[in-house]
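Here is a short tour of a structure you can turn on your screen as you read. Keep the viewer open and follow along strand by strand.

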Amino acid sequence: MATYARPVERLITELSRLPSIGPKSAQRIAFHVVRGRPEEAYGLAEALKEVKDRIRPCKRCFNLTEEEECEICRDSRRDAAVICAVEDPYDIGSIERTGEYRGLYHVLGGSLSPLDGIEPEDLRIAELVERVKGEGTEEIVVATNPNTTGEATAMYIAQEVQELGVRVTVLASGLPVGGDLEYADEVTLGRAFAGRRQL
Amino acid sequence: MALYKSKGIVLRSIRYGEADRILDLYTHDYGMVSAIAKGIRRTRSRFGARLEPLSCVDVMAYSGRSLDTVTQAEVLRSFHGVREHLGRLEAAGSMVRNVRALSGGDEGDRRVFNLLYRSLETLEERGAGFKSVEAAFGLKLATLAGYAPELEACMSCGASLEGTEGLLYYAPVLGGILCADCRAETAEAFPLPPGTLFGLRSLVSGPVKQAVLEERLEESARRVVGAHILAHAPAATSLEPRPRVRPA
Ligand SMILES: [Zn+2]
Ligand SMILES: [Zn+2]
């Protein structure tokens, strides 16, 4: 039995399909929309439509873009000899905000998981190897997540490009800045020791 | 909500929600447990790398209606040497998948926990022969689960397999070997390269630490183990058609 008018029920149903929105939140958002000004709701609807109509993966790096190639790939000031491989497009935002990196990217679309049977063919690793061959890449920075699947992906990539004479690096792992040593686990602390640097 | 504590090995870890993970653990005292580790994907999470797959941990959790919640974890042995090597990780991957396949809804069996621990330890210590460890583990696991493969006589005619001429075949659903004469008994029987039977027997009878097959036999031993477990996993049998009329 529907409690509200059909369009309201429909909105609640659609909203509760979104990640981390439960039925309670969906109801709250729906009523916010119902009470709010029409322009706000139309703006949201238009934004949803636009993103689905216009956004596609960059044909070179698989970042999201409105064009054939994304803005980063088209930027001639960036260092095209370095490719940073990430799991998801939103990882690019995190890295860009550091201001530390000026090379290109490659979105793998996930990580390898020998434990659950996610195989290399499910990711864009072959496309990365092709790019390295075609673009004369000198370094691949593998910036997958520092966990079992991310590191398995990094090892696999290193193995795949071994013959191509490209340098493969991974991000340093160690203690999070601002934390206390006593809360660090053995693996993290062990890595921090292995990667210590001279002052 | 009862709080409990046990040693456990992380079999699987799935991203959940914003920053959580749902873990499957095989615990020493309670068998398979699914528990959520809240906030574990945040860089500042107090869990850190403690609950990475294959880690053996002392875990504290409280049981919920559908899912338990991990409150604390201390590493007993991280097995990062297995995670950081692709060959070892692949073998371990198939081992933990087999544990999940064969322990659906069962009571815990601490022998399974101990077997898994010893096998991960063996993988971490050795530099080659990972598939032999994987196959030995699978055979011993199937035996503990009550599905020991029959490796002494033909499943159909009962003939002894000693000194048999011709190829032998493995029939996963029957759970054992068929002689060349009986190979047509089931469609899914596949041939074993010479020496495989002897290799399988040595894996069954010896300790995991000493599991070593000739390289040419490793692949067929893995195939036998994989097909045998798939045919006997509770999850696979539930796919069989149910009786149409249910007794009242
Ligand atoms: Zn691009
Ligand atoms: Zn026979």
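Strand E6 of chain B, residues 168–171, pairs with E7(B) in the antiparallel sense, and 3 bridges hold that pairing. Please keep in mind that this is a predicted model. If you would like one pair to look for, B:Ala171 has B:Gly176 as its bridge partner in E7(B). The hairpin of E6(B) and E7(B) has 4 residues between the strands, and B:Gly175 takes a positive phi near 80 degrees there.

E6(B) also has a second partner: 3 bridges join this strand to E8(B), and the two run antiparallel. Here B:Leu168 has B:Leu192 in E8(B) as its bridge partner. The two pairings of E6(B) sit side by side in this table.

| Pair | Sense | Bridges | Example of bridge partners |
|---|---|---|---|
| E6(B) and E7(B) | antiparallel | 3 bridges | B:Ala171 and B:Gly176 |
| E6(B) and E8(B) | antiparallel | 3 bridges | B:Leu168 and B:Leu192 |

Put together, these strands form an open sheet of 3 strands in the order E7-E6-E8 (chain B), with antiparallel pairing. Which strands are the edge strands? They are E7 (176–178) and E8 (190–192) of chain B, each of which pairs on one side only. From one strand to the next, the twist averages 45 degrees.

Now look at the side chains of the strand in the middle of that order. In a regular strand the side chains alternate between the two faces of the sheet. In E6(B), B:Leu168 and B:Tyr170 lie on one side, B:Tyr169 and B:Ala171 lie on the other, and all four are buried, so both faces are covered.

Next comes the nonpolar core. The largest one has 95 residues, and those that touch the most other members are A:Ala85, B:Ile9, B:Leu25, B:Tyr26, B:Ala92, B:Val99 and B:Leu116. Helix H4 of chain B (residues 130–144) gives the most to this core, with 8 residues. Leaving aside residues up to four places away in sequence, B:Leu116 touches B:Ile9, B:Tyr26, B:Met95 and B:Val99.

Finally, how many residues does each chain bring to the contact? Chain A brings 18 residues and chain B brings 21 residues. On the side of chain A that touches chain B, helix H7 (148–160) and helix H8 (186–194) of chain A are the elements that give two or more residues. H7(A) provides the largest share of that side, 5 residues. By type, the residues on this side of chain A divide into 9 nonpolar, 5 polar and 4 charged.

Methods
Residues numbered from 1 in each chain as written. Chains lettered and ligands numbered in written order. Predicted model: local features only at pLDDT ≥ 70, side-chain atom pairs only at ≥ 80, totals over all residues. Pairing = 2+ DSSP bridges. Axes fitted to C-alpha atoms, helices over the stretch in contact; angles between N-to-C directions. Contact = placed C-beta atoms within 7 Å. Nonpolar A, V, L, I, M, F, W, Y, C, P; charged D, E, K, R; others polar. Core = buried A, V, L, I, M, F, W, Y, C linked by C-beta atoms within 7 Å. Buried ≥ 20, exposed ≤ 12 C-beta atoms within 10 Å, placed from the backbone.
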